[in-house]
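The following exercises concern a single predicted model. Each consists of a task and a solution that proceeds step by step.

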Amino acid sequence: MKTLKMLSDFLPIPSYTVIILCFLFPFFLVKCGNVTLMSVKGTDLITGVSKQKMDERMRESIKKSSPYASSVSNQEDRPSSSDDSQEESDKGDISPNLFVILSFLMAVAGIAVQLMKTIRNKYLYHLGFSVTGLLGLLGFYLSFKAKMEDLEHTTGMGMDGKINIAYSFGEAFYIAAALFSVVFLFFGIYSYLFLSKKDLEKI
């Protein structure tokens, strides 16, 4: 039990810190072959990001890895139409995602609670934070996947093998989800053993 107590004091801060750092890396990727057309970071999903900014990133990515960089540059230099193009741009904006915001706040709250010496039974807090953070990422996964599948059907992505556009979730997303799972499983086992010990002491 002493070893578990030491782990319960050590585990939260490194785990939540790595989870927070994961938000600085892509959570979602759209690729055409080996070329990454779009990458959406966790911070983009927290603050929201405009379509114009995403288009700029896409052009930069294609310039670095595509043989068609010159044609992309020519398209970039063309003047854009005024009001209509602005309306279309606004429609493509990525709004802040409540599921991702929730998961991020849970990681921050986990660190804050662990640093507070006056709080007792911290394992209960960590159980709540980790399961809520995990459910937040799961909600994002399911909602974003459904959205991209709808987009695939409406735009005909990869149809007839002419354009093979694939979407995937980034490694940072899976790492964050895995760490929330580790924290949840550890404190789930810890709370079970802790409560079992209390029951034995009562007997």
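Two strands count as paired if DSSP finds at least two bridges between them. The first exercise relies on this criterion.

**Exercise 1. Strand pairing**

Task: Determine which strands pair with E1, and state how many bridges join each pair.

Solution.
Step 1. Six bridges connect E1, residues 26-32, with E2, residues 35-41. The criterion asks for at least two bridges, and E1 and E2 are antiparallel.
Step 2. Within this pairing, Lys 31 lies opposite Thr 36 of E2. Two residues separate the strands of the hairpin, and Gly 33 adopts a positive phi near 70°.
Step 3. E1 is also joined to E3, residues 165-169, by five bridges, again in an antiparallel arrangement. One partnership across the two strands is that of Phe 28 with Phe 169 in E3.
Step 4. To place these strands in the whole, note that the protein chain contains nine helices and three strands. Their order along the sequence is α-α-β-β-α-α-α-α-α-α-β-α.

**Exercise 2. Length and capping of helix H7**

Task: Compare the expected span of H7 with the distance between its end C-alpha atoms, and identify the residue that caps its N-terminal end.

Solution.
Step 1. H7 comprises 18 residues, 98-115. The expected span is 1.5 Å times one less than the number of residues, which gives 26 Å for H7.
Step 2. The end C-alpha atoms of H7 are 26 Å apart, in agreement with the expected span.
Step 3. The cap is Asn 97, from which a side-chain oxygen lies 3.0 Å from the backbone nitrogen of Phe 99.
Step 4. Asn 97 belongs to the loop between H6 (83-91) and H7. Its relative accessible area is 12%, so Asn 97 is buried. Beyond residues up to four places away in sequence, Asn 97 touches Leu 45, Phe 140 and Ser 143.
Step 5. The buried residues of H7 itself are Val 100, Ser 103, Met 106, Ala 107, Gly 110, Ile 111, Val 113 and Gln 114.

**Exercise 3. Aromatic pairs**

Task: Classify the ring pair of Phe 23 and Phe 27 and the ring pair of Phe 28 and Tyr 167.

Solution.
Step 1. A pair of aromatic rings is described by the distance of the centres and the angle of the planes. The structure contains 19 aromatic pairs.
Step 2. For Phe 23 and Phe 27, the centres are 5.0 Å apart and the planes form an angle of 40°; the pair is tilted. Both Phe 23 and Phe 27 are buried.
Step 3. For Phe 28 and Tyr 167, the centre distance is 6.2 Å and the angle between the planes is 20°, so the pair is stacked. The pair links distant parts of the chain, with Phe 28 in E1 and Tyr 167 in E3, 139 residues apart.
Step 4. The accessible areas complete the description: Phe 28 is buried at 0%, whereas Tyr 167 is partly exposed at 22%.
Step 5. These four residues belong to one aromatic cluster, whose members also include Phe 104, Phe 140, Tyr 141, Phe 144, Phe 169, Phe 173 and Tyr 174.

**Exercise 4. The buried side of helix H2**

Task: Which residues of H2 are buried, and why are they assigned to the same side of the helix?

Solution.
Step 1. In H2, residues 12-22, the buried residues are Pro 12, Ser 15, Tyr 16, Ile 19 and Cys 22.
Step 2. These residues cover an arc of only 110° around the axis and therefore lie on the same side of H2.
Step 3. An α-helix has 3.6 residues a turn, so residues three or four places apart point the same way.

**Exercise 5. Surroundings of Ser 191**

Task: Is Ser 191 buried or exposed, and which residues does Ser 191 contact beyond its neighbours within four places in sequence?

Solution.
Step 1. Ser 191 is located in H9, residues 171-202. Its relative accessible area is 9%, so Ser 191 is buried.
Step 2. A polar atom of the Ser 191 side chain lies 2.9 Å from the backbone oxygen of Gly 188.
Step 3. Leaving aside neighbours within four places in sequence, Ser 191 contacts Tyr 123 and Leu 127.
Step 4. For the chain as a whole, 32% of the 203 residues count as buried.

Conventions. Residues numbered from 1 in each chain as written. Predicted model: local features only at pLDDT ≥ 70, side-chain atom pairs only at ≥ 80, totals over all residues. Heavy atoms only, no water. Helix = DSSP H or I, 4+ residues; strand = E, 2+ residues; numbered from the N terminus. Buried < 20%, exposed > 50% of the residue type's maximum accessible area, 1.4 Å probe, protein only. Polar contact = N/O pair within 3.5 Å; in protein donor to acceptor, adjacent residues only side chain to side chain. Phe/Tyr/Trp six-rings, centres within 6.5 Å; stacked < 30°, edge-to-face > 60°. Contact = heavy atoms within 4.5 Å. Arc of directions from axis to C-beta.
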